[in-house]
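Reader: I should be grateful for a close look at a single part of this model, namely the protein surface that faces one of the nucleic acid strands. Please treat it as one connected account.

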2 protein chains.
Amino acid sequence: MLIVIDRHSGQPVYRQLLEQVRYQAASGILAPGDELPSTRALSARLGLNPMTVSKAYGLLEREGVVERRPGRALVIKARAAGDLEDERLEELRKALAGTAQTVRQLGVSPEKALELFADLLKRPEESE
Amino acid sequence: MLIVIDRHSGQPVYRQLLEQVRYQAASGILAPGDELPSTRALSARLGLNPMTVSKAYGLLEREGVVERRPGRALVIKARAAGDLEDERLEELRKALAGTAQTVRQLGVSPEKALELFADLLKRPEESE
DNA sequence: CTTGGTGTATGCCTACACTAATACACCATT
DNA sequence: AATGGTGTATTAGTGTAGGCATACACCAAG
């Protein structure tokens, strides 16, 4: 499992970890049933405290991305197709609602905003 | 001028102020030439420190929303149509780029994201 | 030039988020 | 039950952003 932590990105470490695992699970890089490294193993590899990893893992479990098996490593949760779709869309909705408000506050026309958004969605390089 | 500050919203006060003035200027509620209350007057009315108001005013000036007249009150800046458009769009672009990244991380299809976004832009009630 | 207004630079204080150290509870395996 | 693994509750340390008090520089009007 490839995880890259950038301590100077301004983003909290636990969130970087969370997002990378979530993305990899969503995109299929991590398949259902795949095991995640233990908190200690991963924290050692990344030079972090186990608690920081645990925080990310705990949130991933709450999101339903991962399944807890007491005494054993976490695994990517198997799920009926579209099972998580609802939660994903809900999270997406929150993000978009905030952005929509920004659009209004800036006094930008919805059309222009949509156009720009469509544009950005096409260009993956636009990451931070 | 109607400004409402919610200290429990989690949003910084100076930012609430900034956004409300910016929105009112963009939407025409505040017309070019309209004067803003002095930092002391507004801070007294809202129960804030003048510095907090000044912070918002300073940012508004940098954005070009407002014009400074030394010794006198700030005024909403007159401008050629679309004069501020560039900076606005730049700010919008930043917001949208972040959201676009979220879309990718969630593994949601661009089409669905756009659809949802268009939906949210139509409903003003979706504010906080 | 004095007065009463303007905005704000500087520095401090507080609250909060993030990270980490420690210590604990749990489980699988032997 | 002993052991070596798991995750994490609790607590403490650290950095930073937001807000405020103070004090200053400036200007218009008298």
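Author: A residue is counted as near a strand if one of its heavy atoms lies within 4 Å of that strand. The model is a predicted one. By this criterion, 17 residues surround DNA strand C, and the closest are Val13(A) and Asn49(A) from one chain with Ser38(B), Thr39(B) and Arg68(B) from the other. By class, these surrounding residues comprise seven nonpolar, five polar and five charged.

On the side of the nucleic acid, 63% of the atoms of DNA strand C within 4 Å of the protein belong to sugar or phosphate, and the rest belong to bases. Several polar side chains approach the phosphates. Thr39(B), already listed among the closest residues, places a polar side-chain atom 2.6 Å from a phosphate oxygen of DNA strand C. For Thr52(A) the corresponding distance to a phosphate oxygen of this strand is 2.8 Å, and for Ser54(B) a polar side-chain atom lies 2.9 Å from a phosphate oxygen of DNA strand C.

The elements that give two or more residues to this surface come from both chains: helix 1 (13-27) and helix 3 (50-63) of chain A, together with helix 2 (39-46) and helix 3 (50-63) of chain B. Of these, helix 3 of chain A gives the most, with three residues. In summary, the surface near DNA strand C draws on helices of chain A and chain B, and polar side-chain atoms of Thr52(A), Thr39(B) and Ser54(B) lie beside phosphate oxygens of the strand.

Notes: Residues numbered from 1 in each chain as written. Chains lettered and ligands numbered in written order. Predicted model: local features only at pLDDT ≥ 70, side-chain atom pairs only at ≥ 80, totals over all residues. Heavy atoms only, no water. Polar contact = N/O pair within 3.5 Å; in protein donor to acceptor, adjacent residues only side chain to side chain. Helix = DSSP H or I, 4+ residues; strand = E, 2+ residues; numbered from the N terminus. Nonpolar A, V, L, I, M, F, W, Y, C, P; charged D, E, K, R; others polar.
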